[in-house]
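Me: I would like to go through the internal cavities and the salt bridges of this protein. Could we begin with the empty space and then turn to the charged pairs?

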Amino acid sequence: MKYLRLGNSGVEVSAITLGCMSYGEAQRGNHEWTLDEETSRPFIKQALEAGITTFDTANVYSDGTSEEIVGRALADFATREDVVIATKVHGPMRPGPNGRGLSRVHIMHQIDASLRRLGTDYVDLYQIHRWDPSVPIEETMEALHDVVKAGKARYIGASSMFAWQFAKAQYTADLGGWTRFVSMQDHYNLIQREEEREMHPFCLDQGVGVLPWSPLARGRLTRPWGESTFRDDTDNVSARVYEGTEDNDRQISDAVGQVAANRGVSRAQVALAWVRQQPAVTSPIVGATKPHHLADAIASVDLTLTAAELETLAVPYAPHTPTGF
């Protein structure tokens, strides 16, 4: 495994981050495909044994049970200072006023709730899951700064927003003398590259690490185009974020398959290697519900695509509507 600095920060993360949305009690969320605790733990252990040190979850994943499962597994299988735990805040955690969003009251309540579920005194990276237009960004940035100064988070990050919003947040932090975001977790893969227009150049300029979610396009790049899985059939997010230029997407998928066949590796390794070789990217976030998912992700770290292969994969791309915000 390789390790990289997260942007200009001092923290090192593994070249692959294990995404933990797949781990949680299915009856406590809207994801029928999540794995329960007994089934989840071997994947977390496998990741640690392979050198993956960075784990990404969120308070809303399976109504908090993802944090609980991940926290207990890391406590059993790892030493706290050897791992980087990332979680998020924004989504609804209870009905009624102040039950969601990026207000001071919600952030302060949810950081404590996440720490209880994770069984730790601090998280390494506390991320806003989405932009909240209903709350002044000054309130959000000052609250996050106070979370850091209280020792409850080492760093803060953001996820899935327009570049102008991210720039506004960063410069608001500067004006207030508050903590800046060190990372951007965005939707980025071979068939959704709109972040290359504004977000990634801004992150490179400002020294912000990029942790792409859905680097395999929710599995679409790991199998022949048109094949589906149980997750595809039951995931209400997939249909929403993958709409548009299907003919071009199919061409990209076919190119992934051709490069993989020529190299004698899996499609997943090729698609992940492409993401990892993009200049703004630090560590793609990969979910794993089968042993070969992790094996492919780990193997991709040692796969370097040639300039010709990178061009073959990139040429069919057509503009998409940015999705995932």
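Reply: A term is needed before the linings are listed: a cavity is a set of grid points where a 1.4 Å probe fits but cannot get out, and lining residues have an atom within 4 Å of such a point. Please note that this is a predicted model.

Me: Which residues line the second largest cavity?

Reply: The second largest cavity is bordered by His187, Gln192, Glu194 and Glu195, together with Pro322, Thr323 and Phe325. Its lining comprises 2 nonpolar, 3 polar and 2 charged residues, and the space inside amounts to about 40 Å³.

Me: How many cavities of 30 Å³ or more does the search find?

Reply: The search of the whole structure returns 2. The largest has a volume of about 60 Å³.

Me: And what lines the largest cavity?

Reply: Its lining consists of Leu6, Val11, Val13, Thr17, Thr54, Val84, Asp124, Leu125, Tyr155 and Leu211. By class, 7 of these are nonpolar, 2 polar and 1 charged.

Me: Asp124 is in that list. What does Asp124 pair with?

Reply: Asp124 forms a salt bridge with Arg80, with 2.9 Å between the closest N and O atoms. Arg80 sits in the loop between α2 (65-77) and β5, whereas Asp124 belongs to strand β6 (residues 123-128), so this pair ties together parts that are 44 residues apart in sequence.

Me: Is Asp124 buried or exposed?

Reply: Asp124 has a relative accessible area of 10%. Buried means under 20%, so Asp124 is buried.

Me: Back to the second cavity. Which residue forms a salt bridge with Glu194?

Reply: The partner of Glu194 is Arg197, and their closest N and O atoms are 2.5 Å apart. Glu194 is itself buried, at 8% relative accessible area.

Me: Changing topic, how many salt bridges are there?

Reply: The count comes to 13. One of the pairs is Lys88 with Asp56, at 2.7 Å from N to O. Lys88 is in strand β5 (residues 84-89) and Asp56 in strand β4 (residues 54-56), so the contact ties together parts that are 32 residues apart in sequence.

Me: What are the relative accessibilities of Lys88 and Asp56?

Reply: Lys88 has a relative accessible area of 0% and is buried. Asp56, at 4%, also counts as buried.

Me: Which residues are linked in a network of salt bridges?

Reply: Glu25, Arg28 and Asp63 are linked in such a network.

Notes: Residues numbered from 1 in each chain as written. Predicted model: local features only at pLDDT ≥ 70, side-chain atom pairs only at ≥ 80, totals over all residues. Heavy atoms only, no water. 1 Å grid on protein atoms, 1.4 Å probe; cavity = no way out; pocket = protein on both sides within 12 Å on 5 of 7 lines; lining within 4 Å. Points joined across faces, edges and corners; volume = space filled by probe spheres on them. Nonpolar A, V, L, I, M, F, W, Y, C, P; charged D, E, K, R; others polar. Salt bridge = Lys/Arg side-chain N within 4 Å of Asp/Glu carboxyl O. Helix = DSSP H or I, 4+ residues; strand = E, 2+ residues; numbered from the N terminus. Buried < 20%, exposed > 50% of the residue type's maximum accessible area, 1.4 Å probe, protein only.
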